[in-house]
Amino acid sequence: MLDPQNVTIDAESGAIAPETEHYEKRLSDLRQIFADRIALDRMVGEEGDRLVYQVRAFRKNESDLWFGTTTIEPGRVGSEYFMTRGHFHKRHDMGEVYHTQAGKGLLLLQARDGRVEILEMHPGSCSFIPPDWAHRSINVGDDRLVFVWVCNVEAGNDYGELEKGMQRRVIAGVSGPEMIESGVRG
Ligand SMILES: [Fe+2]
């Protein structure tokens, strides 16, 4: 039997303690998800291989749940905001919860039947991601976007399904974020 335990989460940085897993994604890791690869290569050349997002987690052996934070830096590649890769879950019957701690974001959701939805992310928003909806979070603000996620340890990430990309992209328009067709059919 597992013992109860508190984990401390810093809302501004996304740091968690204790932390059992941590990974980072930099511009060069995300070349396939941004539309403007020329702009991406130019950024890497001029500014270095900048951090785009990092994921930190707390996971206990034998637990059914795990949770952690995702922290997306502010920035854009061309007109497209910094964002996560996006994924379906391997388990088609398992969803997730995103509780935003800091910053301003959009949660782009795409169902397996092709429907697209977008939810606003802001401190206090707690987003229900139903099973079988792919999800990508996008930092549309000037500060870090930090959110806590909670899901089943069996859910798994299936990136292959979105290899061609998602159906919509979120870009910086003249008066704020705009959602455009990406040309990819779901
Ligand atoms: Fe997920």
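Colleague: Which residues does Trp149 touch, when those up to four places away in sequence are not counted?

Modeller: In this predicted model, Trp149 touches Val55, Arg56, Ala57, Trp66, Phe67, Gly68, Thr69, Thr70, Glu96, Val97 and Tyr98, leaving out residues up to four places away in sequence. Each is called a contact because the criterion is heavy atoms within 4.5 Å.

Colleague: What makes a set of residues a nonpolar core, and which residues have the most contacts inside the largest one here?

Modeller: The members must be buried residues of the nonpolar kinds, joined through side-chain atoms within 4.5 Å; the largest set that results has 42 residues, and Phe34, Val77, Phe82 and Trp149 have the most contacts inside it. At least two residues of this core come from each of several elements, including helix H1 (37-47), strand S4 (51-58), strand S5 (65-72) and strand S14 (145-152). Strand S10 gives the most, with 5 residues.

Colleague: How do you know how many disulfides to count, given Cys126 and Cys151?

Modeller: A disulfide requires two cysteine sulfur atoms within 2.5 Å, whereas the sulfur of Cys126 is 13 Å from the closest cysteine sulfur, that of Cys151, and is therefore too far for a bond. Cys151 is likewise in no disulfide, and the count comes to 0.

Colleague: Why are Cys126 and Cys151 given their burial labels?

Modeller: Exposed means over 50% relative accessible area and buried means under 20%; Cys126, at 52%, therefore counts as exposed, whereas Cys151, at 8%, counts as buried.

Colleague: What makes the arrangement around the iron ion irregular?

Modeller: The iron ion is coordinated by His87 (NE2), His89 (NE2), Glu96 (OE) and His135 (NE2), at 2.0 to 2.3 Å, and these distances satisfy the donor limit of 2.8 Å. The 4 donor atoms subtend angles of 82 to 166°. A tetrahedral label would need all angles between 85 and 135 degrees, so that label fails at both ends of the range and the arrangement is called irregular. Along the chain, the donors follow the spacing H-x1-H-x6-E-x38-H; of these donors, His87 and Glu96 are buried, and Glu96 is also among the residues that Trp149 touches.

Colleague: Why is Asn139 called buried or exposed, and what does its side chain reach?

Modeller: Asn139, which is found in strand S13, has a relative accessible area of 0%, and it is therefore buried under the 20% cut-off. Its side chain reaches the backbone nitrogen of Gly141 at 2.9 Å, and a polar atom of that side chain lies 2.9 Å from the backbone oxygen of Asp143; both pairs qualify as polar contacts because the limit is 3.5 Å. Beyond its neighbours within four places in sequence, Asn139 is in contact with residues including Ile72, Tyr81, Phe82 and Leu145.

Colleague: What is the phi of Glu62 and of Asp132, and why do their exposure labels read as they do?

Modeller: Phi is near 75° for Glu62 and near 70° for Asp132, in each case a positive value in a residue other than glycine. Glu62 is placed in the loop between S4 and S5, and at 79% relative accessibility it counts as exposed, the cut-off being over 50%. Asp132, in the loop between strand S12 (126-129) and S13, has a relative accessible area of 25%, and it is therefore partly exposed.

Colleague: Which residues does the cis peptide bond join?

Modeller: It joins Ala17 and Pro18, with omega about -5°; Pro18 is found in the loop between strand S2 (16-17) and strand S3 (21-26).

Conventions
Residues are numbered from 1 along each chain as its sequence is written. This is a predicted model: local features need pLDDT of at least 70, side-chain atom pairs count only at pLDDT 80 or more; totals for chains, interfaces and linings use all residues. Side-chain values use heavy atoms; hydrogens and water are left out. Buried means under 20% relative accessible area, exposed over 50%, partly exposed in between (1.4 Å probe, protein chains only). Helices (H or I, at least four residues) and strands (E, at least two) are DSSP runs, numbered from the N terminus. A polar contact is a pair of N or O atoms within 3.5 Å; within protein, one must be able to donate a hydrogen and the other to accept it, and residues adjacent in sequence count only if both atoms are side-chain atoms. Donors are N, O and S atoms within 2.8 Å of the metal (3.2 Å for Na, K and Ca); water is not among the atoms, so sites may look incomplete. Four donors count as tetrahedral if all angles lie between 85 and 135 degrees; four count as square planar and six as octahedral if opposite donors are over 155 degrees apart and all others between 65 and 115; anything else is irregular.
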